[in-house]
Amino acid sequence: MKPMERAAVLGAGTMGAGIAQFLAAKGVEVTLRDIDEEPLEKGLDVIRRQLQRQVDRGRMASSDVDTILSRIHPATDLDCLAPVEWVIEAVVERLSVKQALFQDVEQVVGREAVLATNTSSLSVTAIASVLQNPERFLGLHFFNPAPVMPLVEVVSGERTDPAAANRAVEWLRRLGKTPIQVADTPGFLVNRVARPFHTEPYRLVSTGVADKAQVDRILRSAGFPMGPFELQDLIGIDINLAASEAVYEGFYHDPRFRPHPGQRKMVESGSLGRKVKRGHFTHES
């Protein structure tokens, strides 16, 4: 690994904090940027607790925690992004917000920097459409929890330079991830394949075939690491709904991908999963 490799992660929420933790653990100097001090403190606190959990389980020395945290540099402005080689955005899933953010980022980073979005539901091509240099823009779709899950989708938009995508694949492999190159289609690969896994269980429950715990237990017994409802609690039920709606819209209302009304009701009730300690199930931490 090159000395002093630098990256920036935009957004200190669940995914942003997880990506920053992963990069710092691999020796990358990371600027973790958010719009205010409060979300930054929350993100750093999540990282501290995750690392301490590894220490408590005997998987990491306590001295490593300080080393990893020392590589994460919180920031609220964009000017400090000037020296970074990689920018990975993980802010709210709204096209206009991401476009405006990257237009500002373009003004401060160097010409060689690769710009990436961690979006799970928006078009990479659409985000890049407002940029002066869309050829260096792509999707790097990490999965939650980012420090643990090996798979990363490398998504090329219509104007992404193949050299930028290849550079991202090489970088991720060097850091220990398993990158796969996918096309910029609705849901990319994983979220498209996973739609029936997430939506059909709502139909099973709503018609009284089984309750949520039973569905999860049956699918675990069939070999899945987690059932759909406990997985949605981990991912974020709002994030999962956004992915469902994006795939449905992207395929022009193909009934194969139709979301279930129960998904929206969960979001409207504020039951978003582990991050608010209430989703399909209740969570103490």
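Trainee: Which elements do the buried residues of α6 pack against?
Mentor: Before we look, this is a predicted model: local features need pLDDT of at least 70, side-chain atom pairs count only at pLDDT 80 or more, and totals for chains, interfaces and linings use all residues. Residues are numbered from 1 along each chain as its sequence is written, and side-chain values use heavy atoms, with hydrogens and water left out. Helices (H or I, at least four residues) and strands (E, at least two) are DSSP runs numbered from the N terminus. The buried residues of α6 (under 20% relative accessible area; 1.4 Å probe, protein chains only) pack, by contact of heavy atoms within 4.5 Å, against α1 (14-25), β4 (86-89), β6 (137-142), β7 (151-156) and β8 (178-183).

Trainee: Within what arc do the buried residues of α6 fall?
Mentor: Those residues are Ala 164, Ala 165, Ala 168, Val 169, Trp 171 and Leu 172. They line one face of the helix, because, seen down the axis (by directions from the axis to the C-beta atoms), they fall within an arc of 165°.

Trainee: Which residues are exposed on the other side of α6?
Mentor: Exposed means over 50% relative accessible area. On that other side, you will find Pro 162 and Arg 173.

Trainee: How far apart are the end C-alpha atoms of α6?
Mentor: The expected span is 1.5 Å times one less than the number of residues. For the 13 residues of α6 that gives 18 Å, and the end C-alpha atoms agree, at 18 Å.

Trainee: Is Asn 240 buried or exposed?
Mentor: Asn 240 sits in helix α10 (residues 237-250). Leaving out residues up to four places away in sequence, Asn 240 touches Arg 195, His 198, Gln 232, Ile 235 and Gln 263. With a relative accessible area of 3%, Asn 240 is buried.
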